[in-house]
Amino acid sequence: MTMPDERTRALRWAGEFLLKVQRGDEFSEAIKREAKVILRHYPRDFEIKWQAELDASRSRTVIDQWLGPEKEK
């Protein structure tokens with residue numbers, strides 16, 4: 001079962017990956033453009049964090065949460 005903090009981390013990692021693709025020299029211009037289009041509507045890190053904290057504050061159990069704050073390492 002995927003936990004809310006794991007979903008939050010996956011969203012953040014996906015955004016970081018798309019930024020690398022958009023800026024990377026090893027990708028074609030078509031792929032870079034597609035990454036740019038996706039990123040235009042992709043949530044920023046602070047938005048993901050805010051939503052995770054909001055979900056956690058509104059939920060009584062982990063099962064009720066979709067996103068959750070990432071655990072500190």
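Which residues of helix 1 are buried? In this predicted model, the buried residues of helix 1 are Pro 4, Asp 5, Thr 8, Arg 9, Gly 15, Leu 18 and Val 21, and they pack against helix 2 and against helix 3, the latter covering residues 45–58. An α-helix has 3.6 residues a turn, so residues three or four places apart point the same way. As for the length of helix 1, its 20 residues should span 28 Å at 1.5 Å a residue, and the C-alpha atoms at its ends are 29 Å apart, which agrees.

Thr 8 is a useful place to begin looking at the surroundings of this helix. The residue is found in helix 1, which runs over residues 4–23, and it counts as buried because its relative accessibility is 2%, the limit for that class being under 20%. A polar atom of the Thr 8 side chain lies 2.7 Å from the backbone oxygen of Gly 68. Once neighbours within four places in sequence are left aside, Thr 8 is in contact with Ile 48, Ala 52, Leu 67, Gly 68 and Glu 70.

Pro 69 is placed in the segment after helix 3. With a relative accessibility of 40%, Pro 69 counts as partly exposed; not counting residues up to four places away in sequence, it touches Asp 5, Ala 52, Glu 53 and Ala 56. Pro 69 and Glu 53 are 16 residues apart in sequence, and their C-alpha atoms are 5.7 Å apart in space.

Another part of the packing appears in the largest nonpolar core, which has six residues, namely Leu 18, Val 21, Ala 35, Leu 39, Tyr 42 and Ile 48. The elements that give two or more residues to this core are helix 1 and helix 2, the second of these spanning residues 29–40. Tyr 42, a member of the core, touches Leu 11, Ala 14, Gly 15, Leu 18, Glu 47 and Ile 48 when residues up to four places away in sequence are not counted.

Tyr 42 also takes part in lining the largest pocket, together with Arg 12, Gly 15, Glu 16, Leu 19, Gln 22, Lys 36, Leu 39, Arg 40, Pro 43, Arg 44 and Asp 45. Rolling a probe the size of a water molecule over the atoms shows where empty space is left. The volume of the largest pocket is about 220 Å³. Helix 1 and helix 2 each supply at least two residues of its lining, and the largest share, five residues, comes from helix 1.

Arg 12, one of the lining residues, is found in helix 1 and is partly exposed, with a relative accessible area of 22%. Leaving aside neighbours within four places in sequence, Arg 12 is in contact with Asp 45, Ile 48 and Glu 70. The C-alpha atoms of Arg 12 and Phe 46 are separated by 9.7 Å, although these residues are 34 residues apart along the chain. Ile 48 and Glu 70 are also among the contacts of Thr 8, and Ile 48 belongs to the largest nonpolar core.

Key: Residues numbered from 1 in each chain as written. Predicted model: local features only at pLDDT ≥ 70, side-chain atom pairs only at ≥ 80, totals over all residues. Heavy atoms only, no water. Helix = DSSP H or I, 4+ residues; strand = E, 2+ residues; numbered from the N terminus. Buried < 20%, exposed > 50% of the residue type's maximum accessible area, 1.4 Å probe, protein only. Polar contact = N/O pair within 3.5 Å; in protein donor to acceptor, adjacent residues only side chain to side chain. Contact = heavy atoms within 4.5 Å. Core = buried A, V, L, I, M, F, W, Y, C linked by side-chain atoms within 4.5 Å. Expected span 1.5 Å × (residues − 1). 1 Å grid on protein atoms, 1.4 Å probe; cavity = no way out; pocket = protein on both sides within 12 Å on 5 of 7 lines; lining within 4 Å. Points joined across faces, edges and corners; volume = space filled by probe spheres on them.
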